[in-house]
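Below are some notes on the model, set out as numbered points. Please read them alongside the coordinates.

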Amino acid sequence: MMTDEQKLTLLLKVLKEHAETPHCYDREGDDYTPSRDSYDDAFGDGIDCGEIMFARTMLECIGVEFEYPEMKENA
C-alpha cells in the first residue's frame, strides 16, 4: 500500500509529464485547424489539449515548476 507522500509524489510526477507534453496549439500555433483531418481527430486533440491544460493549471495553482514545451525547444 502506498503512503500519502508516495501518492502525492506519483500524482505530481504524472501531472508534470502531462504538463510538459506539447498539445496541438503548442505544435501548430494559430495554424491549427481542428477539422483538417477528421472530426474524430479533432475530438481527440481536444481531449489531449484539455488534459494538458488541466495539468498545467493544477501545477501552477500549487506553485510547482515545470517546463513548457516551447521553452524546452528554445533551450
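1. The model is a predicted one. A central residue to begin the reading with is arginine 56: leaving aside neighbours within four places in sequence, arginine 56 is in contact with Ala19, Thr21, Pro22, His23, Asp26, Phe66, Tyr68 and Pro69. Arginine 56 sits in helix H3. With a relative accessibility of 4%, arginine 56 counts as buried, since the cut-off for that class is under 20%.

2. How do helices H1 and H3 meet? The axes of H1 (residues 4–19) and H3 (residues 39–61) come within 8 Å and cross at roughly 125°. The two helices are therefore oblique to each other, and their crossing is left-handed. On the H1 side the contact is made by Leu12, Leu15, Lys16, His18 and Ala19; on the H3 side it is made by Glu51, Ile52, Ala55, Arg56, Met58 and Leu59. Sorted by class, this contact has seven nonpolar, one polar and three charged residues.

3. Histidine 23 belongs to the loop between H1 and helix H2 (24–28). Not counting residues up to four places away in sequence, histidine 23 touches Cys49, Ile52, Met53 and Arg56. Is histidine 23 buried or exposed? At 7% relative accessibility, histidine 23 counts as buried.

4. Proline 22 is also in the loop between H1 and H2. Its relative accessibility is 30%, so proline 22 counts as partly exposed. Outside the four nearest places in sequence on either side, proline 22 is in contact with Arg27, Ile52, Arg56 and Pro69. The C-alpha atoms of proline 22 and phenylalanine 43 are separated by 16 Å, with their positions 21 residues apart along the chain.

5. How many disulfides does a search of the whole structure find? The search finds zero. The sulfur of cysteine 24 has its closest cysteine sulfur in cysteine 49, at 4.7 Å, which is too far for a bond; the criterion for a disulfide is a pair of sulfur atoms within 2.5 Å. Cysteine 49 is likewise in no disulfide, the nearest cysteine sulfur being that of cysteine 24. Cysteine 24 counts as buried at 4% relative accessibility, and cysteine 49 counts as buried at 15%.

6. Alanine 42 is another residue of helix H3. Alanine 42 is buried, its relative accessible area being 18%. Residues up to four places away in sequence aside, alanine 42 touches Tyr32, Pro34 and Ser35. Between the C-alpha atoms of alanine 42 and arginine 27, which are 15 residues apart along the chain, the separation is 14 Å.

7. Where is glutamate 67 placed? Glutamate 67 is in the loop between H3 and helix H4 (69–73). At 41% relative accessibility, glutamate 67 counts as partly exposed. The C-alpha atoms of glutamate 67 and isoleucine 52 are separated by 12 Å, the two residues being 15 apart along the chain.

8. To draw the points about arginine 56 together: arginine 56 is one of the H3 residues in the contact with H1, and its contacts include His23 and Pro22. Histidine 23 and proline 22 lie in the loop between H1 and H2. The contacts of histidine 23 include Cys49, a cysteine that is in no disulfide.

Conventions
Residues numbered from 1 in each chain as written. Predicted model: local features only at pLDDT ≥ 70, side-chain atom pairs only at ≥ 80, totals over all residues. Heavy atoms only, no water. Axes fitted to C-alpha atoms, helices over the stretch in contact; angles between N-to-C directions. Helix = DSSP H or I, 4+ residues; strand = E, 2+ residues; numbered from the N terminus. Parallel < 35°, antiparallel > 145°, perpendicular 65-115°, else oblique. Left-handed = near helix turned anticlockwise from the far one by under 90°. Contact = heavy atoms within 4.5 Å. Nonpolar A, V, L, I, M, F, W, Y, C, P; charged D, E, K, R; others polar. Buried < 20%, exposed > 50% of the residue type's maximum accessible area, 1.4 Å probe, protein only.
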